[in-house]
Amino acid sequence: MYLNINNVSKSFQRRGEQPLRALENINLSIKEGEFVSLLGPSGCGKSTLLSMIAGLAKPSSGNVKLASQEITEPGPDKSMVFQEPALFPWMSVKENVTFPLRKNMNKRDREGAAWEYLKMVHLSQFADNYPHELSGGMQQRVAIARALAMNSKLLLMDEPFGALDEQTRLVLQEEVEKIWLNTEKTIVFVTHSIREAIKLSDRIMIMSARPGAIISDFKVNLSRPRQQKDMALLEEEVMAMLKTEIDNVMKEELQYAGNH
Amino acid sequence: MPVIIKRILFFVTLILIWEAVFLLDFWPDSMIPSPLSVANTIYAGFADMTLVYDILASFRHLLVGLTISLVIGTLLGVLLAKVKTADETLGTMILALQSVPSIVWVPLAIIWFGFSEASIIFVVIIGGTFVMTMNMRIGIKNVAPIYLKAARTMGSTGMDLFMKVIVPASIPHAVTGVRLAWAFSWRALMAGEMLSTGPGLGYTLSYASDFNNMSLVIGIIIIIGVIGSIVDQLIFQRVENKILKRWGMEEAA
């Protein structure tokens, strides 16, 4: 397997309270070229799991291995897109996209690469603009181009379309699917949208909250591009699995509020 | 009504009231001079170049002092933001020093440096340094964590992360620091110059007071205010707005 998550647990210390068990005994193997979504209610630790794959956080126990190497820090073998575009406002679009390439490419190659990746997200004509001149959706596209520019095999996306309107969201989902089909990257995608997960993924890891755990490894065997009518049935199936989880979280939340 | 018209009307009214008070003749001319005599004094000062030399001398003191205070302030700010122990010790002292009015340093400067330009520049440096320090510190400490995370996933660490991400991300705060440092230094400069042996606007102001030349006193106060607001509005506010806009922090200016 290409990406292996072995017995990973993560807990956070809280002052004067029990440690928060964010994730418990997560085991997950992902093949090269797979599109895998982590789906679950907020607070299920899906983003935490993703940042451990990115090397931004360390597991409390267990390990994450990429191509048999344990992940301990961020590196050029994995790139990440966050919920916010996280573009550097003092740099032009082009400079943002070439930021990860500064050290190992000369200027001309960098510019070429920037142009190529910006074309992939249909923004090549905005290369010299600054982030504040672009809409939220365009900014997120630049962030995707920047992650692609790293040319890593593994692409991590943490609710990348969470802050966008429905229209933009649909367009970007299609773009990401196309990019994935053309580049054969492995994508781990965090979302709380059932529809989004079904539209894009080969496999959906359905997660429970407190402690975060994978309750189902759900395979989506629909041909691409996926049609709404084919997806509807699966949506109900996933919804049923998640509903119990969401109810539990709500109950716990109310109890906690009642006790404090 | 456009703002500029409102302002012109306001100042015209103010000058008319002033002229009216002058014409009422309750106070001697040496206490309330007429607007015209103040204008004449300013004009004469520019015509014989004495005020021009004063302004140039003041700007020279300010430029030297402010530059030094910005360099020291930036370095101290970086130190406080990066070294926790320094922040906990030196940081508290700088916070205390920031609340000391700069005129307080004038007697000390005179004992150390005598009635010289060095005294004035010392007071100007003290005036600007601490506010720059505190702003630089906040700027570096408040870099959005998402920038740091993003940069780390793109392989930027250590010095590269500091120079390419942390420093540019803190520029909006640094610019505010420069603007405040200028404002504080400008006030400190006048305090320092008033107790100096000239030349300089502050020196001429206290000289005019010694000779009961009220027109010149008021004239110089006006010049100090006008220069202060011109530099602030035409230079610093514009730069600040531009940077805030670019950095996506604009609050509908």
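This report describes a predicted model, covering chain B, the contact between chain A and chain B, two pockets and two backbone features of chain A.

## Chain B

Chain B contains eleven helices and zero strands. Read from the N terminus, its elements therefore follow the order α-α-α-α-α-α-α-α-α-α-α, given that helices and strands are DSSP runs numbered from that end. The C-alpha trace of chain B spans about 75 × 55 × 30 Å along its principal axes.

## Contact between chain A and chain B

Chain A contributes 22 residues to the contact, and chain B contributes 18 residues. Between them the two chains bury about 1900 Å², and 71% of this area lies on carbon and sulfur atoms.

Two salt bridges are counted between chain A and chain B. A salt bridge joins the side chains of A:K103 and B:D160, with an N to O distance of 3.8 Å. Across the same interface, two residue pairs are found in polar contact, both at pLDDT 80 or more. On the side of chain A that touches chain B, the residues comprise 14 nonpolar, three polar and five charged.

## The largest pocket

The largest pocket holds about 600 Å³ of space. Its lining consists of 18 residues, and those closest to the pocket centre are B:F11, B:I222, B:G225, B:V226 and B:S229. Three elements of chain B give two or more residues each to this lining: α1 (3-24), α2 (35-47) and α11 (214-246).

Of these elements, α11(B) gives the most to the lining, with eight residues. By class, the lining of the largest pocket divides into 13 nonpolar residues, four polar residues and one charged residue.

## The second largest pocket

About 390 Å³ of space lies in the second largest pocket. This pocket is lined by 14 residues, of which A:R14, A:L20, A:R21, A:R210 and A:E252 are the closest to its centre. In chain A, β2 (17-30) and α7 (228-259) each supply at least two residues of the lining.

The largest share of the lining of the second largest pocket is provided by β2(A), with five residues. The classes represented in this lining are six nonpolar, three polar and five charged residues. Arg and Glu count as charged, so A:R14, A:R21, A:R210 and A:E252 belong to the charged class, whereas A:L20 is nonpolar.

## Backbone features of chain A

The peptide bond from A:R224 to A:P225 is cis, and its omega lies near -10 degrees. A:P225 is located in the loop between β10 (213-219) and α7 of chain A. The element α7(A) also supplies at least two residues to the lining of the second largest pocket.

A second backbone feature concerns A:N7, whose phi is near 50 degrees, a positive value in a residue other than glycine. A:N7 is placed in strand β1 of chain A, which covers residues 3-14.

Methods:
Residues are numbered from 1 along each chain as its sequence is written. Chains are lettered from A and ligands numbered from 1 in the order in which they are written. This is a predicted model: local features need pLDDT of at least 70, side-chain atom pairs count only at pLDDT 80 or more; totals for chains, interfaces and linings use all residues. Side-chain values use heavy atoms; hydrogens and water are left out. On a 1 Å grid over the protein atoms alone, a cavity is a set of points where a 1.4 Å probe fits but cannot get out, and a pocket is an open set with protein on both sides within 12 Å along at least five of seven lines; lining residues have an atom within 4 Å of a point. Grid points are joined across faces, edges and corners, and a volume is the space filled by probe spheres set on the points. Helices (H or I, at least four residues) and strands (E, at least two) are DSSP runs, numbered from the N terminus. Contact means heavy atoms within 4.5 Å. Buried area is the accessible area (1.4 Å probe) that two parts lose on being put together, summed over both. A salt bridge is a side-chain nitrogen of Lys or Arg within 4 Å of a carboxyl oxygen of Asp or Glu. A polar contact is a pair of N or O atoms within 3.5 Å; within protein, one must be able to donate a hydrogen and the other to accept it, and residues adjacent in sequence count only if both atoms are side-chain atoms.
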